Amino acid sequence: MEESSSQYWNNVLKSADLLLSLLTPYEDKEDIDLVQNVLPPLRQLVKKGSSYSIPKQVIPAQPKQEHNSTPRRHRVSYEQEKNWKRINNNNIHITLSSGRVVNCIVVNTPEGLEKVIESIKQAEYVTFDCEFMGLKNAIPELKLLQIAVSDICGYAIQVDILGRHILEQKLKPVMESKDVTWIGWALRSDMLSIEQFFGALKDTGILDLQKKLATYAVEELNLHAAMAKYASDWDVW
């Protein structure tokens, strides 16, 4: 299967957008001059790239990777930090600086997913973050979806183990629900990986706090800088 030059260019812009989101956390590092030099033209490309006129041609499409559609056997292992306490193979307690304990749960079974969904529906708001694998000339591939339903309870959903079918059937409708408030930080690459896995989400009310804060701070901060400036009293590891 082949793709047109416009489709190819759109993929280039998505890759540039992803690269921009990955490099932005290093923007404040004064000793990385190359990043400082790359970011301004990269931002211009992402901002104005869609208006460029691309010559018509046909480009061979890259082979599409298929996600596992059925659950598979798995083994979970961790490199534990000093403030972690392993309760069982799927559950870790993390003690914060204040002494409070966060309950972290690995989800890799349909039964576990059902519990997550019930917790999401009962939560006032839900925060999320993605871990994904980035390949050259490809949209990031979602591997782990991390969800917090409160400040002391979070889930790590292993998407490859659960499989696409059950997640599309059970989790995607909740992500599209207007009854759930989803919040994240610097979500460009996260949303690319989510939509690559699930397909486009319908009418989501997902809030990107980085973009929201930029209207107040008049600059786009990375998470570390934002916490240092506006949330220095937050409970941390």
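**Close-up views of a predicted model**

**View 1. A loop residue between two helices.** Val218 lies in the loop that runs between helix α7 (209–217) and helix α8 (223–230). The model shown here and in every other view is a predicted one. Although Val218 is not a glycine, its phi is positive, at about 60°. With a relative accessible area of 71%, Val218 is exposed.

**View 2. A second loop residue with positive phi.** Ala186 is placed in the loop between strand β9 and helix α6 (188–198). Its phi is near 50°, which is a positive value in a residue other than glycine. Is Ala186 buried, partly exposed or exposed? Its relative accessibility is 21%, and because buried means under 20% while exposed means over 50%, Ala186 counts as partly exposed.

**View 3. The open sheet and the helix that packs on it.** The sheet is open and is formed by 8 strands, which follow one another in the order β3-β4-β5-β8-β7-β6-β9-β10, with mixed pairing. Strands β3 (84–88) and β10 (207–208) stand at the edges and have a single partner strand each, so one side of each is left without a neighbour in the sheet. Within the sheet, strand β7 (residues 141–150) pairs with strand β8 (residues 153–158) in the antiparallel sense, over 6 bridges. As part of this pairing, Ala148 has Gly154 in β8 as its bridge partner. Helix α3 (residues 110–122) packs on the sheet, where it touches β5 (101–107), β6 (126–133), β7, β8 and β9 (182–184), and the direction of the helix makes about 135° with that of β8.

**View 4. Aromatic rings that pair edge-to-face.** A pair of aromatic rings is described by the distance of the centres and the angle of the planes. A search of the whole structure finds 3 aromatic pairs, and two examples are described here. In the pair of Phe128 and Trp182, the ring centres are 5.8 Å apart and the planes stand at 75°, so the pair is edge-to-face. This pair links distant parts of the chain, since Phe128 belongs to strand β6 and Trp182 to strand β9, 54 residues apart. Phe128 counts as buried at 5% relative accessibility, and Trp182 counts as buried at 1%. Phe197 and Phe198 also form an edge-to-face pair, with 5.0 Å from centre to centre and 80° between the planes. Phe197 is buried, with a relative accessible area of 0%, while Phe198 counts as buried at 4% relative accessibility. What sits over the ring of Phe197? The charged end of Arg164 is found there, 5.2 Å from the ring centre.

**View 5. Cysteines without a disulfide.** A disulfide is a covalent bond between the sulfur atoms of two cysteines. How many disulfides does a search of the whole structure find? The search finds 0 disulfides. For Cys153, the closest cysteine sulfur is that of Cys104, and the separation of 8.2 Å is too far for a bond. Cys153 is buried, with a relative accessible area of 16%, and Cys130 is buried as well, with a value of 5%.

**View 6. A buried leucine in helix α1.** Leu13 is found in helix α1 (residues 5–23) and is buried, with a relative accessible area of 12%. When residues up to four places away in sequence are not counted, Leu13 touches Leu45, Gly49 and Ser50. Leu13 and Leu45 are 32 residues apart along the chain, and their C-alpha atoms are separated by 7.5 Å.

Terms used
Residues are numbered from 1 along each chain as its sequence is written. This is a predicted model: local features need pLDDT of at least 70, side-chain atom pairs count only at pLDDT 80 or more; totals for chains, interfaces and linings use all residues. Side-chain values use heavy atoms; hydrogens and water are left out. Two strands pair if DSSP finds at least two bridges between them. Helices (H or I, at least four residues) and strands (E, at least two) are DSSP runs, numbered from the N terminus. Contact means heavy atoms within 4.5 Å. Axes are lines fitted to C-alpha atoms, for helices over the stretch in contact, and angles run from 0 to 180 degrees between N-to-C directions. Rings of Phe, Tyr and Trp (its six-membered ring) pair if their centres lie within 6.5 Å; planes under 30 degrees apart count as stacked, over 60 as edge-to-face and the rest as tilted. Buried means under 20% relative accessible area, exposed over 50%, partly exposed in between (1.4 Å probe, protein chains only). A charge sits over a ring if NZ of Lys or CZ of Arg is within 6 Å of the ring centre and within 35 degrees of the ring normal. A disulfide is a pair of cysteine sulfur atoms within 2.5 Å.
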